[in-house]
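User: Please take a close look at one part of this model, starting from a single residue and working outward to what surrounds it.

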Amino acid sequence: RSSRPSRLSALIASALPKALALAVLLAVWEISAKFKNQSYVLPEPALVGQAAHQLWVNGHVLEAILNSLRRAALGYALSLVAGTLLGIAIARIRMLRLALASMIGALQILPSVVWVPIGVLWFGLNETAVYFIVVMGALPSITGGTVAALDNISPLLLRVGRSMGARGPALYRHVVLSAALPGYIAGLKQAWAFSWRSLMAAELIATGPTLGLGLGQLLREGGDLSDMSVMLAVVIMILIVGLTVEELVFAPIDRGIRSRRGLTGS
């Protein structure tokens with residue numbers, strides 16, 4: 001019983017600053033729109049809300065969100081498997097580190113939008129090209145995060161584990177994986193942001209009847225119609241979907257790890 005008020009208080013304390021920041025943002029937006037007095041340049045929040053409602057009524061929003069989430073999930077899953085394995089190999093094999101570490105770092109700073117024309121030319125205007133762009137956006141971050149997480153394990157922990165009899169798989173399971181987990185999860189969280197951004201770039205540029213409708217294509221349609229209300233509505237949807245995945249998937253994992261390690265605030 002006593003835990004319920006504390007949880008409610010924590011929820012309110014966490015949500016209140018966000019609500020206040022949102023209210024201030026909407027107020028600034030409203031004032032700026034009225035001051036500009038050009039709805040085709042900066043529409044008021046109410047007009048953007050009407051555009052979002054119309055898109056929902058037309059059935060475009062749900063279809064676009066589901067298609068984008070499907071593409072992001074599959075592309076991210078491919079990146080997760082390949083990036084993790086590659087990161088472990090680079091961290092443990094010296095020749096691979098010398099050959100690939102700098103290349104992975106260079107790919108991390110390369111804008112994902114550059115892969116769009118390459119993917120379209122290699123695979124055509126289809127789903128495969130979109131998945132390629134998402135993977136190229138997320139894989140370097142997962143690989144680099146895996147390498148960094150393994151590199152930052154304290155040698156003292158390894159010595160203590162070996163002194164207590166941990167060898168081979170047992171050492172990796174009880175010492176290496178546990179010590180590397182926080183850094184690895186941080187890399188996965190960053191990779192999700194990169195994959196989502198890469199997907200939006202792919203959907204925004206690579207459009208066609210065979211690809212179906214995604215949030216990026218929906219934004220492109222608003223741009224083709226020069227409808228700023230639709231464009232801003234879709235941008236807000238992109239932000240909401242990306243942040244929702246982060247809050248529902250990565251935030252609980254991060255909190256769980258921090259809680260088990262006694263790093264949460266009292």
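What is the relative accessible area of A46, and does that make A46 buried, partly exposed or exposed?

Analyst: A46 has a relative accessible area of 46% and is partly exposed, where buried means under 20%, exposed over 50% and partly exposed in between, for a 1.4 Å probe and protein chains only. The model is predicted, so local features need pLDDT of at least 70 and side-chain atom pairs pLDDT 80 or more, while totals for chains, interfaces and linings use all residues. Residues are numbered from 1 along each chain as its sequence is written, and side-chain values use heavy atoms, without hydrogens or water.

A46 belongs to helix α2, which covers residues 45-57; helices are DSSP runs of H or I with at least four residues, strands E runs with at least two, numbered from the N terminus. The chain contains 10 helices and 0 strands. Of its 266 residues, 35% are buried.

A46 brings a distant part of the sequence into view. S229 lies 183 residues away from A46 in sequence, yet the two C-alpha atoms are 9.4 Å apart in space. The run of α10 is 228-260, and the loop between α9 and α10 holds S226. S226 has a positive phi of about 55 degrees although it is not a glycine. Most residues other than glycine have a negative phi. The side of S226 open to solvent is not small in the calculation: S226 is exposed, with a relative accessible area of 61%.

Further along α10 is V245. V245 counts as buried, at 19% relative accessibility. Its C-alpha is 9.9 Å from that of A193, although 52 residues separate V245 and A193 in sequence.

A193 is also one of the lining residues of the second largest pocket, together with K189, W192, W196, R197, V235, I238, L239, G242, L243 and E246. Here α8 (169-205) and α10 are the elements that give two or more residues to the lining. The largest share, 6 residues, comes from α10. About 210 Å³ of space lies in this pocket. A pocket is an open set of points on a 1 Å grid where a 1.4 Å probe fits, with protein on both sides within 12 Å along at least five of seven lines, and lining residues have an atom within 4 Å of a point. By class, the lining divides into 7 nonpolar, 1 polar and 3 charged residues; Asp, Glu, Lys and Arg are charged, Ala, Val, Leu, Ile, Met, Phe, Trp, Tyr, Cys and Pro nonpolar, and the others, including Gly, polar.

The largest pocket is lined by K18, A21, L22, L25, L26, W29, L232, V235, I236, L239, I240 and L243. The elements that give two or more residues to this lining are α1 (3-36) and α10. V235, L239 and L243 of this list also line the second largest pocket. The space in the largest pocket is about 460 Å³. Its lining has 11 nonpolar, no polar and 1 charged residues.

W196, listed above in the lining of the second largest pocket, has a second role in the packing. In the largest nonpolar core, which has 49 residues, W196 and L215 touch the most other members; such a core is a set of buried Ala, Val, Leu, Ile, Met, Phe, Trp, Tyr and Cys residues joined through side-chain atoms within 4.5 Å. The elements that give this core two or more residues are α1, α2, α3 (60-92), α5 (115-123), α6 (127-151), α8, α9 (215-224) and α10. With 12 residues, α8 gives the most. Thus α2, the helix of A46, is among the elements that give two or more residues to the core.

One more contrast with A46 is G145, in helix α6. At 13% relative accessibility, G145 is buried, whereas A46, at 46%, is partly exposed. The C-alpha atoms of G145 and Y184 are 5.7 Å apart, with their positions 39 residues apart along the chain.

Conventions: Points joined across faces, edges and corners; volume = space filled by probe spheres on them.
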